[in-house]
Amino acid sequence: MQMRDKIAAALKAAMKEKDQERLSTLRLVNAAIKDREIAMRAEGEGEGTVGDAEVLAIMGKMVKQRQESARAYEEGGRLELAEKEQAEIRVIEDFLPRQLSENEVNDAIEAAIAKLGAESIRDMGRVMGELKGQYTGQMDFSKAGPMVKDRLAS
């Protein structure tokens, strides 16, 4: 529960500092985590607590949603709303690990393929599973997927 502790500590600090922007974003993160726990309990998965990997996945999804919203607001000429989304992204990214560069992603893909002995496109699911297990929160899997597919297709 290390990530949950970091988020809780940051939430308390934001309350003390009266940083409303950071506070509201952290409350949204907490709510998303609690929603996932409730869904897990309803599905009967474990005792209904999320681990660090799940928290990272939730936060990664939140960043992606905000990026899409910011892009839509910019296209619609609503720059003040786009800036609010960008500010929320910055708060969430404080908790995410550093994103891998494109070269590091390529190296990770090559290493996963070599480790698993993947040879064809049929092995793509195993390779993606390996990458998600090791690089959750550090890699954009929507971009890594086509890279894995290209590598396995050749």
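This report walks through the overall build, the two nonpolar cores and one helix of a predicted model.

## The big picture

Let's start with the whole protein. Its 154 residues form seven helices and zero strands, so reading along the sequence just gives you α-α-α-α-α-α-α. Along its principal axes, the C-alpha trace spans about 55 × 45 × 25 Å.

How much of the protein is tucked away? Of the residues, 34% count as buried. The accessible surface comes to about 9500 Å², and carbon and sulfur atoms make up 49% of that. The chain also folds back on itself: take the contacts with a separation of 6 or more, and 57% of them link residues 24 or more positions apart.

## Two nonpolar cores

Now for the inside. The largest nonpolar core has 22 residues, and Ile7, Leu26 and Met59 are the ones with the most contacts inside it. Four helices each chip in at least two residues: α1 (2-17), α2 (20-43), α3 (52-75) and α4 (79-93). The largest share, six residues, comes from α3. Apart from this core lies another one, made of 16 residues, including Leu100, Ala118, Val127 and Met128.

Ile7 is a good residue to click on in the first of these cores. Leaving out residues up to four places away in sequence, Ile7 touches Leu26, Val29, Asn30, Ile33, Val55, Met59 and Phe95. Two of the names in that list, Leu26 and Met59, are the other residues with the most contacts in the core.

## A closer look at helix α5

Helix α5 covers residues 102-116, and you can check its length yourself. With 15 residues at 1.5 Å a residue (counting one less than the number of residues), α5 should span 21 Å, and its end C-alpha atoms are indeed 21 Å apart, so the two agree.

Which residues of α5 are buried? They are Val105, Ala108, Ile109, Ala112 and Ile113. These five cover an arc of only 130° around the axis, which means they sit on the same side of α5. On the other side, Asn103, Asp107, Ala114 and Lys115 are exposed. So what covers the buried residues of α5? The cover includes α6 (124-135) and α7 (141-153).

One last detail comes just after α5, where Gly117 takes a positive phi of about 70°.

Note on methods:
Residues are numbered from 1 along each chain as its sequence is written. This is a predicted model: local features need pLDDT of at least 70, side-chain atom pairs count only at pLDDT 80 or more; totals for chains, interfaces and linings use all residues. Side-chain values use heavy atoms; hydrogens and water are left out. Buried means under 20% relative accessible area, exposed over 50%, partly exposed in between (1.4 Å probe, protein chains only). The arc is that of the directions from the helix axis to the C-beta atoms. Contact means heavy atoms within 4.5 Å. A nonpolar core is a set of buried Ala, Val, Leu, Ile, Met, Phe, Trp, Tyr and Cys residues joined through side-chain atoms within 4.5 Å. Accessible areas come from the Shrake-Rupley method with a 1.4 Å probe; for residues, only the protein chains shown count as cover.
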